[in-house]
Amino acid sequence: MAQPAWQEPDPLTVESAPVPEYGSGSLADLLPTLVAGQGVPGFTAAIPELTPADRNCVFLIDGLGWEQIKAHPDEAPFLHSLLPTSRGGTGRPITAGFPATTATSLASVGTGLPPGAHGLPGYSARNPETGELMNQLRWKPWTSPKAWQPYPTVFTRADAAGVRTAQVSAPAFEVTPLTKVALSGGSFLGRLSGEERMDTAAERLAAGDRSLVYTYYSEVDGKGHRFGVDSDAWRGQLMYVDGLARRLAEQLPPRSALYITADHGMIDIPFDEQSRIDFDEDWELRAGVALLAGEGRARHVYAVPGAESDVLTVWREVLGEQFWVASRDEAIAGGWFGPTIDERVYGRIGDVVAAAHDDVAITASVQEPHESAMVGLHGSMTPVEQLVPLLEVRS
Ligand SMILES: [Zn+2]
């Protein structure tokens with residue numbers, strides 16, 4: 001029966017959110033699967049369809065979602081040739097994890113743990129010890145990395161088990177706390193250009209009978225934020241990174257597997273009041289809120305003590321048809337951050353968590369002028385943000 005025209009659509013239920021495939025097909029499952037195949041003790045092959053290799057290389061392209069590769073065969077002919085629809089391609093999508101954002105995803109990759117365990121639950125989050133907002137990407141204000149993320153990385157454990165392990169990335173990342181908590185172990189090799197990174201990654205891969213090499217490129221994400229994923233600048237980056245991936249694939253030493261993946265996809269959000277809801281100008285959304293964290297499409301909202309249920313009610317009422325709006329306990333019970341949550345991480349999750357379903361964002365023009373001006377955004381659980389490639393090349 002058709003709905004009467006006057007009836008409001010129902011709010012999105014927490015249960016209807018397409019939760020990441022933690023434990024079988026998420027970024028956190030990748031390195032554990034690879035090192036399990038190399039015989040490193042204490043890991044299991046969570047993604048069973050990956051065939052073990054003696055030498056494993058992961059090339060992580062920041063911001064390049066699965067849907068974007070599929071949509072751009074002309075700009076990314078090499079990556080496209082690895083998709084399952086093409087002859088011989090074995091690529092598949094895996095899920096990034098929630099929120100689909102760089103700090104969270106890199107920690108999931110490097111620790112092999114979901115966000116509920118590694119404890120980087122977004123672009124920014126509240127530090128329950130201080131009550132302050134902490135930016136996880138820039139690590140501001142400074143917080144003890146070891147206390148924030150105490151688990152050893154997969155790199156560290158693989159290195160200790162005799163696997164030659166290296167990260168090849170921008171020189172500036174060598175000393176950052178995010179690298180320390182997420183991507184340390186073995187040797188770090190700073191290389192400025194993308195080409196040098198590919199060449200060095202291939203060399204390091206050949207340096208051991210068993211090796212694990214991680215390499216990274218950031219500018220697809222950078223251009224997407226600034227100009228959008230429907231821009232020439234973004235398409236130019238895609239063409240460039242397609243060439244990088246081919247360059248690395250062509251240099252693989254024997255007995256190697258190369259996996260090309262990403263930390264999240266991206267979506268362009270129109271610049272109008274309906275699509276960009278400005279928290280700083282919205283008295284209804286601000287009522288009872290002590291702190292806003294996360295990013296436009298994945299918000300942590302911390303209430304003034306005692307106002308938690310009022311904030312949840314209002315956010316659900318105002319945004320519930322366009323966002324999945326959950327209380328902290330609902331989001332945790334729904335498995336948004338993984339199957340379990342560590343005690344130290346609990347208070348970092350918002351009293352209310354809002355994840356965008358439609359092409360919308362909650363911006364904050366005063367608190368976050370830079371982020372609010374970005375064209376391309378990411379963070380939520382929609383396929384365009386959440387699905388990342390797992391493309392495979394073997395030698
Ligand atoms: Zn980004």
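How many residues has helix 13, and how far does it reach from its first C-alpha to its last? I looked this up in a predicted model. Helix 13 covers residues 308–319, which is 12 residues. I noted a reach of 16 Å, close to the 16 Å expected at 1.5 Å a residue.

**Entry on the faces of helix 13**

I next looked up which residues of helix 13 are buried, and found Val-311, Leu-312, Trp-315 and Leu-319. Viewed down the helix axis, these buried residues fall within an arc of 100°, so they line one face of helix 13. I then turned to the face pointing away from the buried side, where the exposed residues Asp-310 and Glu-317 are carried.

**Entry on the zinc ion**

Which residues are the protein donors of the zinc ion? I found that Asp-221 is listed twice, each time through OD, while His-225 and His-378 each use NE2. The donors lie 2.1 to 2.6 Å from the zinc ion. I recorded their spacing in sequence as D-x3-H-x152-H.

Why is the arrangement around the zinc ion irregular? The angles subtended by the four donor atoms run from 53 to 154°. Four donors would count as tetrahedral only if all angles lay between 85 and 135 degrees. I therefore entered the arrangement as irregular.

**Entry on helix 10**

I located Asp-221 and His-225 in helix 10, residues 219–227. They are four residues apart, about one turn of the helix. I also asked whether these two donors are buried or exposed. Buried means under 20% relative accessible area. Asp-221, at 10%, therefore counts as buried, and His-225, at 12%, is buried as well.

Notes:
Residues are numbered from 1 along each chain as its sequence is written. This is a predicted model: local features need pLDDT of at least 70, side-chain atom pairs count only at pLDDT 80 or more; totals for chains, interfaces and linings use all residues. Side-chain values use heavy atoms; hydrogens and water are left out. Donors are N, O and S atoms within 2.8 Å of the metal (3.2 Å for Na, K and Ca); water is not among the atoms, so sites may look incomplete. Four donors count as tetrahedral if all angles lie between 85 and 135 degrees; four count as square planar and six as octahedral if opposite donors are over 155 degrees apart and all others between 65 and 115; anything else is irregular. Helices (H or I, at least four residues) and strands (E, at least two) are DSSP runs, numbered from the N terminus. Buried means under 20% relative accessible area, exposed over 50%, partly exposed in between (1.4 Å probe, protein chains only). The expected span of a helix is 1.5 Å times one less than its number of residues. The arc is that of the directions from the helix axis to the C-beta atoms.
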